[in-house]
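Here is a short walk through one protein model for someone meeting it for the first time. Have the sequence and the 3D view open while you read.

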Amino acid sequence: MDHFPGVAVVTGAARGIGAAIATGFAESSCHRIAITDILETELIGVCKSLLTRFNPKDDPEGLTILALPGDITSEPFIEEFFNAVKAKFGRVDYLINVAGVGKPYRRSVEIDVQEFDFINNVNYRAAWLCSRTALRIMTAQEPLASPGNNEGWARPAQRGSIVNIASQLGLVSRPGASAYCASKAAVIGMTRADAIDYSKDSIRVNCVCPGIIETEMTTSSGVVREGLVDSIDIAPMGRMGNVREIADCVLFLSSYRASFVQGHAMVADGGYIIN
Ligand SMILES: NC(=O)c1ccc[n+]([C@@H]2O[C@H](COP(=O)([O-])OP(=O)(O)OC[C@H]3O[C@@H](n4cnc5c(N)ncnc54)[C@H](O)[C@@H]3O)[C@@H](O)[C@H]2O)c1
């Protein structure tokens, strides 16, 4: 069965969780994927590797990818990106807002306004800008029939789905991360508010709250790794998560199998927040 007949759009797709999500869509036979990131070389690398893996013979019916590098905090770039998606694929069905930044890890009085704005501009404001642009497209497009309709009963058609990547740190806090925690709590709040506002348009909006996941963000230096040892131990499972474990949550929330899941903050953290 074709689980993802529509168009997937993934921000922050050059590496880490975003690249795993783009890969997950391609593995799940989503044939139209748009990806973006500020890291141009890495983004083109992800694009090439997905095409090599999933459409090596350049089958016109197979995987097609639009890869457009740019800064997701720029409103003109977001317009350019979504216009390009619309021009190439005609619609947006599954938006995944992944692009994010983690630093600096310092207390409120130790960070300046530029650092505060940097975190919030990428993690929250850019996710809002992308959601707003995608929602304009989604609300104007015809709904897609559910791929699950031949399972014996009909699920409602869907105009679109948005999954925001928040964080366990949007639900609980840790030392020295006030701007980051607040930006991720904002993403959870935005998810719930958009879910309420766009339910009547047959659009679902959910978010995933990852725990500590092994990516550049958590492994870029020995200092960063050491700073996370205690946090990893808080989670009963006592390990970092893998990017694929987050991609699986996103794929579920984006799919017809989550047709009644709305405004949810799905925590995938090895048990961190229950401890
Ligand atoms: N790794 C973790 O432990 C963890 C935990 C909870 C939440 N998250 C969230 O998951 C998301 C992905 O993080 P990751 O761990 O894969 O980190 P990562 O640093 O590997 O990936 C983040 C991506 O976002 C891109 N990005 C950053 N600023 C951008 C901008 N201005 N314009 C365009 N792209 C930009 C980066 O280039 C990078 O490719 C982030 O939102 C992060 O906050 C990560």
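What follows goes from the strands to the helices, then to the ligand and a few single residues. Keep in mind that this is a predicted model.

**Strands in the middle of things**

Let's begin with strand S5. How many of its six residues are buried? Six of the six are, so S5 is mostly covered by the cut-off of 20 or more other C-beta atoms within 10 Å. In a regular strand, side chains alternate between the two faces of the sheet. In S5, one side holds Gly160, Ile162 and Asn164, the other holds Ser161, Val163 and Ile165, and both faces are covered.

S5 has partners too. Strand S4 pairs with S5 in the parallel sense, over four bridges, and Tyr94 is the residue standing opposite Ser161 of S5. S5 is also joined to strand S6 by six bridges, and again the two run parallel. Look for Ile165 here: its bridge partner in S6 is Val208. To get from S5 to S6 you can follow helix H5, and together S5, H5 and S6 form a right-handed β-α-β unit.

Now for strand S3, residues 64–67. Which residues sit on its covered face, and which on its uncovered one? Ile65 and Ala67 make up the covered face, while Thr64 and Leu66 make up the uncovered one. S3 runs parallel to strand S2 (residues 32–36), with four bridges joining the two. Ile35 stands opposite Ala67 in S3. Here too there is a right-handed β-α-β unit, made by S2, helix H2 (residues 40–54) and S3.

**Two helices of twelve residues**

Helix H1 has twelve residues, which should span 16 Å at 1.5 Å a residue, and its end C-alpha atoms are indeed 16 Å apart. H1 is mostly covered, with eleven of its twelve residues buried. Among them are Gly16, Gly18 and Gly24, along with Ile17, Ile21, Thr23 and Phe25. Just past the end of H1, Ser29 takes a positive phi of about 65°.

Helix H8 covers residues 243–254, also twelve of them; from first C-alpha to last it reaches 17 Å, close to the expected 16 Å. Its buried residues include Val243, Ile246, Cys249, Leu251 and Leu253. What do the buried residues of H8 pack against? The list is helix H1 and strands S4, S5, S6 and S7. That brings us back to S5, whose six residues are all buried.

**Around the ligand**

There are 28 residues around the ligand, and the ones that come nearest are Gly12, Gly16, Ile72, Gly100 and Thr215. The elements giving two or more residues to this shell are H1, helix H4 (113–140) and helix H6 (216–219). By type, the shell divides into 14 nonpolar, ten polar and four charged residues. Gly16 is worth finding in your view, as it also appears among the buried residues of H1.

**Four residues to look up**

The table puts four single residues side by side, each with its place and its count of other C-beta atoms.

| Residue | Place | Other C-beta atoms within 10 Å |
|---|---|---|
| Ala140 | helix H4 | 10 |
| Phe260 | loop between H8 and S7 | 8 |
| Ser29 | loop between H1 and S2 | 14 |
| Ser202 | loop between helix H5 and S6 | 17 |

Why does Phe260 count as exposed? It has 8 other C-beta atoms within 10 Å, and a residue is exposed at 12 or fewer. Ala140 counts as exposed as well, because it has 10 such neighbours. Ser29, with 14, counts as partly exposed, and Ser202, with 17, is partly exposed too.

The two serines have something else to show in their backbones. Phi of Ser29 is near 65°, a positive value in a residue other than glycine. For Ser202, phi is likewise positive and near 65°.

Finally, two distances, both taken C-alpha to C-alpha. Ala140 and Ser161 lie 21 residues apart in sequence and 14 Å apart in space. For Phe260 and Glu42, the gap is 218 residues in sequence and 36 Å in space.

Definitions and conventions: Residues are numbered from 1 along each chain as its sequence is written. This is a predicted model: local features need pLDDT of at least 70, side-chain atom pairs count only at pLDDT 80 or more; totals for chains, interfaces and linings use all residues. The expected span of a helix is 1.5 Å times one less than its number of residues. Two residues are in contact if their C-beta atoms, placed from the backbone, lie within 7 Å. Two strands pair if DSSP finds at least two bridges between them. A crossover is right-handed if, with the strands pointing away from the viewer, the path from the first strand over the helix to the second runs clockwise. A residue is near a molecule or strand if its C-beta atom, placed from the backbone, lies within 6 Å of it. Ala, Val, Leu, Ile, Met, Phe, Trp, Tyr, Cys and Pro count as nonpolar, Asp, Glu, Lys and Arg as charged, and the others, Gly among them, as polar.
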